[in-house]
Amino acid sequence: MYRQNYLAHAISRASDGRGEATFLIRHPDGVRMSYADFWVGAERMAAVLVAAGLAPGDRVAVQAPKTVAMLQLYVGCVMAGGVFLPLNTAYTPTEVAYFLGDASPHVFVCDPEGLEALTPVASDAGVAKIFTLGAGEVGTLVAAQADQEAGFTPVARGVDDLAAILYTSGTTGRSKGAMLTHGALASNSEVLRDTWRFTSEDVLIHALPIFHTHGLFVATNVTLMAGGSCIFMAGFDAGAIMGYMPQATALMGVPTFYTRLLEQDGLGAAAGGMRLFVSGSAPLLAETHDRWRAVTGHAILERYGMTETNMNTSNPYDGDRRAGTVGFPLPGVALKVCDPESGAELAQGEIGVIEVRGPNVFAGYWQMPEKTAEELREDGWFITGDLGRIDADGYVQIVGRGKDLIITGGFNVYPKEVEGLIDDLPGVLESAVIGVPHADFGEGVVAVVVPEKGATVTETSVRAGVADSLAKFKQPKRVLVLDALPRNTMGKVQKNVLREEYADLLS
Ligand code: AMP
């Protein structure tokens, strides 16, 4: 189907002629949707976008709860030749204003509850058309979809055309839009389907958000490309997942999923019949890997990827899945460890910056040629910013993040953004934001704040000061007020000293 549109063709091939097969089972009402109905809904979404004046290459920004309609909007946007731009549902209107201003989308879709606050934001950004889409498949987008005929003929798009822009936070505080092509998305999902042996027999528990590469591309595209089914959950719910496992074959999750599931009674019996557990987006503790194996008999398969590159490495399907490693480069992906200063490739075993090259890698940052040139070499190697090493058996280990990124519950927080807001509060001289171990979220955000001379700054005043401008997951869980920040002789703040000193603060 849809031959003229590279990605739509790639993700629809496996269900061609199998329209009656189940694509998804919706949680919690158990409603089943066939592939035929899914594609018809996506075609109608494409028609809605074209009727709204969307031209090929135009962006469709979405900040809405996870629904089947949102998934159809993603596929419909691809069919209409648009560029899908999902935004984290936790972003505040101030944050959304930046993304809309930067990407200048033609269409913006938001939760009906956010419409009032977001309408002026969208109009300032020159958005031509706003739709709403809320939990429970409600809103003006769903109404417009129902008014359209099925049978949309997809707009012709090739391997190098853009299919999506996903924003990553920038270390300098500015988020960057990673431009992902039809070819990058299709090739990566195909490789993952084959590497992880997904077939039409699979039933994936889909509990990840669909504004991020993991849930949107890895989980969704792999299911579509295998012609399998998924149990579609609006969010993570450990109890419900326990109930679904006996009828499912696979789960894709962030490490927090696994630590929470380990707290459930009866996990061993529920998980025993599953085929595959995949983890990624943040480091899985070896302890979690070991406990999971002891309780369920399954070795979690850990993989490594990022917004800019899709997935880069995976532990083997057959063979030893090693805790504390992210496995081997995927077929077609080249990976090397380089000296952070010179960029020269390092000898096996040495720690350096991971660089990757392959059809999975993004096409550059949206309207940021300089940033693109800094991180994406002309010969196609992408400098990930992650520090790692390759062990004697070829397994890749991630040993740290060069960029001081905090990953909390699978979401990224760049300290600079939080520090900028705290520094602007009255009475604050400076601040340092760090991630410290958190039993549930992996890491939690902690702010260390230095007041101006004579000023009074408290934990409560700082937390209240940033509450309205930052998504909840970015807000500091604790604020410490100190007289000075530790600095090295070059004057750089020693965040490693702070991280060590406050390592137990959230545990
Ligand atoms: P994102 O772009 O949100 O997917 O975040 C990508 C970052 O998450 C990577 O650059 C890594 O720092 C981190 N990451 C992803 N998967 C893993 C993993 N399995 N182990 C350690 N870090 C990971």
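Let me start at R303, where a backbone N or O atom lies 2.8 Å from a nitrogen atom of the ligand, and I should say at once that we are looking at a predicted model, so that every distance I quote is a computed one. Taken on its own, the ligand exposes 500 Å², and the protein buries 95% of that area.

Two further polar contacts can be placed beside the one at R303. The side chain of H212 has an N or O atom 2.9 Å from an oxygen atom of the ligand, while at S281 a polar backbone atom is 3.2 Å from a nitrogen atom of the ligand.

Which elements give two or more residues to the shell around the ligand? They are β13, which runs over residues 301–306, and β19, which covers 396–401, and of the elements in the chain β13 gives the most, with 5 residues. In total 17 residues surround the ligand, and the closest of these are H212, E302, R303, T307 and D386. If we sort the shell by residue character, we find 7 nonpolar, 6 polar and 4 charged residues.

Let me turn now to the helices, where I have two pairs to show you. In the first pair, helix α2, residues 35–51, and helix α3, residues 68–79, have axes that come within 7 Å and cross at roughly 60°. An angle of 65 to 115 degrees would count as roughly perpendicular, and with the crossing at roughly 60° the two helices, α2 and α3, are therefore oblique to each other. The crossing in which α2 passes α3 is right-handed.

In the second pair, the axes of helix α4, residues 93–103, and helix α5, residues 115–124, come within 9 Å and cross at roughly 25°. Angles under 35 degrees count as roughly parallel, and α4 and α5 are therefore described as roughly parallel to each other. Here, too, the handedness can be stated, since α4 passes α5 in a right-handed crossing.

I would like to finish with two details of the backbone, both of them in loops. Where does P28 sit? Its place is in the loop between β1, residues 22–26, and β2, residues 32–34, and the peptide bond that joins H27 and P28 is cis, with an omega of about 5°. The other detail concerns S104, which is found in the loop between α4 and β5, the latter being residues 107–110. Phi of S104 is near 35°, which is a positive value in a residue other than glycine.

Note on methods. Residues numbered from 1 in each chain as written. Predicted model: local features only at pLDDT ≥ 70, side-chain atom pairs only at ≥ 80, totals over all residues. Heavy atoms only, no water. Near = heavy atom within 4 Å. Polar contact = N/O pair within 3.5 Å; in protein donor to acceptor, adjacent residues only side chain to side chain. Areas by Shrake-Rupley, 256 points an atom, 1.4 Å probe, with all protein chains shown as cover. Helix = DSSP H or I, 4+ residues; strand = E, 2+ residues; numbered from the N terminus. Nonpolar A, V, L, I, M, F, W, Y, C, P; charged D, E, K, R; others polar. Axes fitted to C-alpha atoms, helices over the stretch in contact; angles between N-to-C directions. Parallel < 35°, antiparallel > 145°, perpendicular 65-115°, else oblique. Left-handed = near helix turned anticlockwise from the far one by under 90°.
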